[in-house]
Each structure stands twice: as structure tokens, then as C-alpha cells.
Amino acid sequence: MKKLFIFLSSILLFACQPKTLTISKVVPADTLAMQIDKYVGQEVAVEGKIIHVCPVDGSKMKLTNNRQIIKIIPPAGKEKFERYWNGKRVRIVGKVYEERLSRARIDSLYQAGSLLCHIDFSPCSDTAWVAAKHRQGKATEIINHYHSYFKHAMQRKGKDYISVVVLEAIKTEEVEVTAELILPDTPDKRIPDCSQCPLCGLCMIKNYV
């Protein structure tokens with residue numbers, strides 16, 4: 001009886017011990033974007049600024065922490081992000097995926113004259129924005145701009161695809177802004193000459209929104 005009491009007491013004591021929580025690996029956004037092969041399938045924590053929330057359905061957000069871009073998608077079971085997150089500095093815990101835009105797909109989109117979403121380079125679903133760019137006579141310039149960027153990026157990396165880094169958000173929280181690096185504008189806005197921008201789009205926002 002005494003042995004049984006000691007055994008049950010040990011189980012109870014063990015059950016009451018605080019559990020060790022698995023802490024997601026904290027990865028700089030730029031590191032994640034440039035070393036995607038190393039992190040695919042892992043759960044990580046990333047900090048950065050949300051510079052765009054899809055205005056059509058909130059199905060994706062664009063996060064940056066300097067020059068690299070990460071596509072943020074809602075967690076399983078949730079349909080969209082609120083516009084509240086636009087412009088916020090956040091910490092996101094999520095699972096890493098990679099989407100690849102093949103050379104054949106790039107050529108197909110170019111031949112079709114598609115204006116692309118600057119989050120993941122899929123055909124833009126914001127019909128009002130697309131119509132406005134055609135009306136303003138800027139559509140062809142933007143299409144050529146993207147195509148030149150894609151060709152340059154693939155040539156420089158020696159790959160036949162463009163990689164889009166995706167983070168499926170498990171938890172999203174706003175963080176306090178401390179010191180934020182602001183990169184200066186450059187008078188030369190031609191993407192092919194920008195060697196520090198392997199997956200950007202920031203200049204396109206400045207020039208075309």
C-alpha cells in the first residue's frame with residue numbers, strides 16, 4: 001500500500017511540473033527570404049512591417065524588414081486578415097512554405113499582359129487598380145518592369161524560377177517600434193540595376209500606387 005502511495009504521488013508530482021514550451025526559432029525576415037531552402041517546413045518567428053494587406057479579400061499580407069519580401073497568409077480555418085495590420089510592425093509565428101514562379105509561367109503572364117500582385121506575382125485581382133493603370137497608360141510600363149526584373153533575378157541566381165517566401169501565420173501580434181532602418185531612395189529606379197533587391201517590389205509601390 002505504501003509503495004502504491006509513493007508511485008501515485010510521483011505521478012501527481014510529475015504531472016504538476018510546468019511543461020516546457022516549444023519556442024519557435026526567431027529568424028530575421030531577410031535571412032528567411034534569402035535562405036528559404038533551409039527553413040521550408042519549419043515553424044519560425046519573424047518580425048517586420050506589414051506594408052500591404054490585400055484590399056480585395058484580405059487573403060494575404062506583405063511583410064518586409066528592409067528589402068526582402070515575405071508573403072503572409074492566414075492560419076488554417078481563417079479566411080482573411082483585417083486592414084488593421086497595414087503599416088504595423090509585427091511579430092508573426094508561422095510555418096514556412098515556398099512558392100515558385102517558373103520561367104514558363106513568367107513568359108505566359110507576360111504574353112497575356114497580366115498586371116501582377118506585388119505580394120506573390122499572381123495576376124492582380126484588384127480590378128479597380130488594374131483598370132486605373134490601363135486608364136493612366138501605365139500598365140505596359142509596369143508589365144515590362146516586372147518582366148525585366150524576373151529575367152535579371154533568375155540570371156543572377158542561376159535559377160529558372162522566382163521564389164516567393166510564404167509564412168502561414170499561427171500567431172500575429174503587434175510589437176513596439178524601436179529603431180527602424182530606412183533605406184534612402186535612389187534616382188535610378190530600374191529594377192535590373194538593383195543588385196540589393198532579389199525579391200522586392202517596394203519601388204513599384206512608390207511609383208505605381
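Phe121 lies in the loop between H4 and H5. The model is a predicted one. Phi of Phe121 is near 65 degrees. That value is positive, and the residue is not a glycine. The relative accessibility of Phe121 is 3%, so the residue counts as buried; the cut-off for burial is 20%.

The neighbour in sequence, Ser122, also lies in the loop between H4 and H5. Ser122 has 22% relative accessibility and therefore counts as partly exposed, since the buried class ends at 20%. Beyond residues up to four places away in sequence, Ser122 touches Lys60, Leu115, Leu116 and Cys117. Ser122 and Leu101 are 21 residues apart along the chain. Their C-alpha atoms are separated by 8.8 Å.

Aromatic pairing was examined next. The count comes to six aromatic pairs. One of them joins Phe121 and Tyr149, with ring centres 6.3 Å apart. The planes of Phe121 and Tyr149 meet at 55 degrees, so the pair is tilted; an edge-to-face label would need an angle over 60 degrees. Phe121 belongs to the loop between H4 and helix H5 (127-135), whereas Tyr149 belongs to helix H6. The pair therefore ties together parts that are 28 residues apart in sequence. Both Phe121 and Tyr149 are buried.

A further aromatic pair is formed by Tyr146 and Phe150. The centre-to-centre distance for Tyr146 and Phe150 is 5.9 Å. Their planes are 35 degrees apart, and this pair is tilted. Stacked geometry would require planes under 30 degrees apart. Tyr146 and Phe150 are four residues apart in helix H6, so about one helical turn separates them. Tyr146 is buried, as is Phe150. Ring pairs link Phe121, Tyr146, Tyr149 and Phe150 into a cluster.

Helix H6 also takes part in helix packing. Two packed helices are described by the angle between their axes and the distance between the axes. For helix H4 (residues 103-112) and helix H6 (residues 139-157), the packing angle is about 165 degrees. The axes of H4 and H6 are 10 Å apart. The angle makes H4 roughly antiparallel to H6, because angles over 145 degrees fall in that class. The crossing of H4 past H6 is left-handed. On the H4 side, the contact is made by Arg103, Ile106, Asp107 and Tyr110. On the H6 side, Ile143, Asn144, His147, Phe150 and Met154 contribute. By class, the contact of H4 with H6 has five nonpolar residues, two polar and two charged. Phe150 thus appears both in the contact with H4 and in the aromatic cluster, and is buried.

Two further sites were considered, Arg91 and Val40. Arg91 lies in strand S5 (residues 89-102). At 30% relative accessibility, Arg91 counts as partly exposed. The sequence separation of Arg91 and Lys171 is 80 residues. The C-alpha atoms of Arg91 and Lys171 are separated by 8.1 Å. With neighbours within four places in sequence left aside, Arg91 is in contact with Val46, Glu47, Lys171, Thr172, Glu173 and Val175. Lys171 is thus among the contacts of Arg91.

Val40 lies in the loop between helix H3 (36-39) and strand S2 (43-53). Its relative accessibility is 42%, so Val40 counts as partly exposed; the exposed class begins over 50%. Val40 and Val165 are 125 residues apart in sequence. In space, C-alpha to C-alpha, Val40 and Val165 are 9.0 Å apart. Not counting residues up to four places away in sequence, Val40 touches Val96 and Glu98.

The chain as a whole gives the setting for these sites. The secondary structure of the protein chain comes to seven helices and six strands. From the N terminus on, the elements run α-β-α-α-β-β-β-β-α-α-α-β-α. The protein chain has 209 residues, of which 38% count as buried. Among contacts between residues at least 6 apart in sequence, 72% join residues at least 24 apart.

Terms used: Residues are numbered from 1 along each chain as its sequence is written. This is a predicted model: local features need pLDDT of at least 70, side-chain atom pairs count only at pLDDT 80 or more; totals for chains, interfaces and linings use all residues. Side-chain values use heavy atoms; hydrogens and water are left out. Axes are lines fitted to C-alpha atoms, for helices over the stretch in contact, and angles run from 0 to 180 degrees between N-to-C directions. Helices (H or I, at least four residues) and strands (E, at least two) are DSSP runs, numbered from the N terminus. Angles under 35 degrees count as roughly parallel, over 145 as roughly antiparallel, 65 to 115 as roughly perpendicular and the rest as oblique. A crossing is left-handed if the near helix is turned anticlockwise from the far one by less than a right angle, and right-handed if clockwise. Contact means heavy atoms within 4.5 Å. Ala, Val, Leu, Ile, Met, Phe, Trp, Tyr, Cys and Pro count as nonpolar, Asp, Glu, Lys and Arg as charged, and the others, Gly among them, as polar. Rings of Phe, Tyr and Trp (its six-membered ring) pair if their centres lie within 6.5 Å; planes under 30 degrees apart count as stacked, over 60 as edge-to-face and the rest as tilted. Buried means under 20% relative accessible area, exposed over 50%, partly exposed in between (1.4 Å probe, protein chains only).
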